[in-house]
There are 2 protein chains.
Amino acid sequence: MSEDALPGRVRIHEVGPRDGLQNEKAVIPVEVKAEFIHRLAAAGLTTIEATSFVHPRWVPQLADAEELFPRLADLGDVRLPALVPNARGLERALALGVREVAVFASATESFAKANLNRTVDESLAMFEPVVARATAAGVPVRGYVSMCFGDPWEGAVPPERVVRVARRLLDLGCAELSLGDTIGVATPGQVTALLAALGAAGVPAGRLAVHFHDTYGQALANTLTALRHGVTTVDASAGGLGGCPFAKSATGNLATEDLLWMLEGLGIHTGVDLRRLTATSLWLAERLGRPSPSRTVRALASQLDQEPTGATGPFRPSPAPSHKEP
Amino acid sequence: MSEDALPGRVRIHEVGPRDGLQNEKAVIPVEVKAEFIHRLAAAGLTTIEATSFVHPRWVPQLADAEELFPRLADLGDVRLPALVPNARGLERALALGVREVAVFASATESFAKANLNRTVDESLAMFEPVVARATAAGVPVRGYVSMCFGDPWEGAVPPERVVRVARRLLDLGCAELSLGDTIGVATPGQVTALLAALGAAGVPAGRLAVHFHDTYGQALANTLTALRHGVTTVDASAGGLGGCPFAKSATGNLATEDLLWMLEGLGIHTGVDLRRLTATSLWLAERLGRPSPSRTVRALASQLDQEPTGATGPFRPSPAPSHKEP
């Protein structure tokens, strides 16, 4: 295996404001959300999933989408996609001038039923006019596929099921697909198998993003595996936001900072400033009242503490070791 | 890249009782340490680094090596290596009937100075009679190489420096080398580069182990990379024990459970029972008074809570999801 197989550039699809915050119990003021997104953009992120136009009863935390979007008007070229579950959500988004949207399908019947109260086919039928209407309005659509590797009710998910849903979403007109390990159980062999199956079915890696949760600590190893198979778009959440409701754990999405540490080490360009992003995650963690679950954020926190805000030099070496063993 | 390159079997070198506990402030009773090691062995671990024969002033937590070893006499075939820093430490170990030992060298001058108060060459000279005496007594010696990728004072470590120390340790008679990312900064490209450099210098991958710390969340991705390059021995610490003194973080070594989750998913045999190991880490976390930093331990904790001790069925699916997004 050669490092040559890795891409020179990766686009990070930042999901912190949406996937990261949606399970927060206490409602976060819209001003804080807007500042969070502005800080993410200032750190160099060019795609920031901002919110969701689902019914407020489903996700109370994101009920303020109409108030949030006007506060992002100055962000110019930054891509700010939003989730839309159905035609009603799409109309709300279009009325606000949202320029990119995403629909969310499931690879498994159990999760389609739990999440959308529909069969997989019924949900795809529901998305059909949504994708058509968005595309006609010049708004590209991302298609999420949840439960691509494991499902809490059904166990391991056969790649063929993901391939079928992926093909359908592309045929509907989705511009990009995001393969979700919603419960964070996948391991690298499954990633290889799924990407191979998708490739064999004519789905080009350039249309794919990967979306790993770090519930079992596998997210970065899985992402590395996907990069080696031609994927160049990676979903991640600043600070590792996104508490998973399936486990007594603070771990959620792959932390953007942990991803950046690896990509920088590999010489892969992202355009994101790790130092500024870490400062943003520390700022938000203070507002949420608990430390970030990102290893990199925690490790860098002490270094940022020691420096004036806005310092741009290289990270200083850590303090001298105090132990006496390897 | 094919999954074929992965090994069918991996030996886990469990370092929890030594590397994991050495930085604990409150001294842990020797009975707890002995029970910890017995539980690790009962979970199927066959190599458990038990303690260190350094001077008690250096590592007060491990000052009870003479009391600990007699309590492990019933462990039969389990390999129980111990660190020895010098000839005096080796004699203490041999007097107790220790059957495997390890010396610890550094790839960098700064850490050799800080850790051993010697130059790299002076420390290798100090190890020479230790390795000779142990080998003559039929006791195999593992050679740790610290700071193989990054050093807090020197920054990135050129592979040639590691190769030089590695070759010297093998020439002294070390049976195995463990390549340490002591401050947890490495990324997969560095792992590939170092293993290639060692291979080119005639060091076979079968003589190597990798020893990653998870300070920046990179340990598992780095381990995966090493496995693809022929390494089949991996150091890990139950529950991710081993607080790193270099960062305000609870993260230490690669957690054995996170490693096992990946290896099981890849179909790689270890002989270790993840369920029993997780129960052991939860048991120890209670004694240490803080949760395990291992993602897998946290994710599985709720499942183990719901089951009678000793249950051996498959893990039950997680509770139904309560959120409404991908």
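# Reading a predicted two-chain model

Q: Let's start with two aromatic residues. Are A:Tyr216 and B:Trp261 buried or exposed?
A: In this predicted model, A:Tyr216 is buried, and B:Trp261 is buried as well. The label is given to a residue with under 20% relative accessible area.

Q: How should I read a pair of aromatic rings?
A: Two quantities describe such a pair: how far apart the ring centres are, and the angle between the ring planes. Counting over all chains, this structure has 6 aromatic pairs. Take A:Tyr216 with B:Trp261: their ring centres are 3.8 Å apart and their planes meet at 20°, so this pair is stacked.

Q: Where do A:Tyr216 and B:Trp261 lie?
A: A:Tyr216 belongs to the loop between β10 (208-212) and α9 (219-228) of chain A, while B:Trp261 is in helix α10 (residues 256-265) of chain B, so the pair joins two chains.

Q: What can be said of the rings of A:Trp261 and B:Tyr216?
A: With centres 3.8 Å apart and planes at 20°, the rings of A:Trp261 and B:Tyr216 are stacked. Here too the pair crosses between chains: A:Trp261 sits in helix α10 (residues 256-265) of chain A, and B:Tyr216 in the loop between β10 and α9 (219-228) of chain B. A:Trp261 has a relative accessible area of 15%, so it is buried. B:Tyr216, at 4%, is also buried.

Q: Can a ring have a charge as its partner too? Which charged ends sit over a tyrosine ring here?
A: There is one to look at in each chain. In chain A, the charged end of A:Arg142 sits over the ring of A:Tyr144, at 5.1 Å from the ring centre. In chain B, the charged end of B:Arg18 sits over the ring of B:Tyr144, with 5.5 Å to the centre.

Q: Now the sheets. How do I read strand order, and what is the order in chain A?
A: Walk from strand to paired strand across the sheet. In chain A this gives an open sheet of 9 strands, ordered β2-β1-β11-β10-β9-β6-β5-β4-β3, with parallel pairing. At its edges are β2 (47-48) and β3 (51-52) of chain A, each of which pairs on one side only. To see one pairing up close, go to strand β1 (residues 11-14) of chain A, which runs parallel to β2(A) and is joined to it by 2 bridges. The bridge partner of A:Glu14 in β2(A) is A:Ile48.

Q: How many residues of strand β9 (residues 176-181) of chain B are buried, and why does that matter for reading it?
A: The count is 6 of the 6 residues, so β9(B) is largely enclosed by the rest of the structure. Burial covers both faces: B:Glu176, B:Ser178 and B:Gly180 point one way, B:Leu177, B:Leu179 and B:Asp181 point the other way, and all are buried.

Q: Which strands pair with β9(B)?
A: Strand β6 (residues 141-146) of chain B runs parallel to β9(B) and is joined to it by 4 bridges; there, B:Arg142 has B:Glu176 as its bridge partner. Strand β10 (residues 208-212) of chain B also pairs with β9(B) in the parallel sense, over 5 bridges, and B:Ser178 has B:Ala209 as its bridge partner in β10(B). Between β9(B) and β10(B) the chain passes through helix α8 (residues 188-200) of chain B, and this β-α-β crossover is right-handed.

Q: How do I describe the surroundings of a single residue, say A:Val101?
A: Begin with its place, then its cover, then its contacts. A:Val101 lies in strand β5 (residues 101-106) of chain A. Its relative accessible area is 2%, so A:Val101 is buried. Beyond neighbours within four places in sequence, its contacts include A:Ala82, A:Leu90, A:Ala134 and A:Val141.

Q: What does the sign of phi tell me?
A: Most residues other than glycine have a negative phi. A:Asn117 has a positive phi, near 55°, and lies in the loop between α5 (109-116) and α6 (120-136) of chain A. With 56% relative accessibility, A:Asn117 counts as exposed. In chain B, phi of B:Asn117 is likewise near 55°, and B:Asn117 counts as exposed at 56%.

Q: And how do I sum up a whole chain?
A: Chain A has 12 helices and 11 strands, and 61% of its 326 residues count as buried. Its accessible surface is about 11,300 Å², with 54% of that belonging to carbon and sulfur atoms.

Definitions and conventions: Residues are numbered from 1 along each chain as its sequence is written. Chains are lettered from A and ligands numbered from 1 in the order in which they are written. This is a predicted model: local features need pLDDT of at least 70, side-chain atom pairs count only at pLDDT 80 or more; totals for chains, interfaces and linings use all residues. Side-chain values use heavy atoms; hydrogens and water are left out. Buried means under 20% relative accessible area, exposed over 50%, partly exposed in between (1.4 Å probe, protein chains only). Two strands pair if DSSP finds at least two bridges between them. A crossover is right-handed if, with the strands pointing away from the viewer, the path from the first strand over the helix to the second runs clockwise. Rings of Phe, Tyr and Trp (its six-membered ring) pair if their centres lie within 6.5 Å; planes under 30 degrees apart count as stacked, over 60 as edge-to-face and the rest as tilted. A charge sits over a ring if NZ of Lys or CZ of Arg is within 6 Å of the ring centre and within 35 degrees of the ring normal. Contact means heavy atoms within 4.5 Å. Accessible areas come from the Shrake-Rupley method with a 1.4 Å probe; for residues, only the protein chains shown count as cover.
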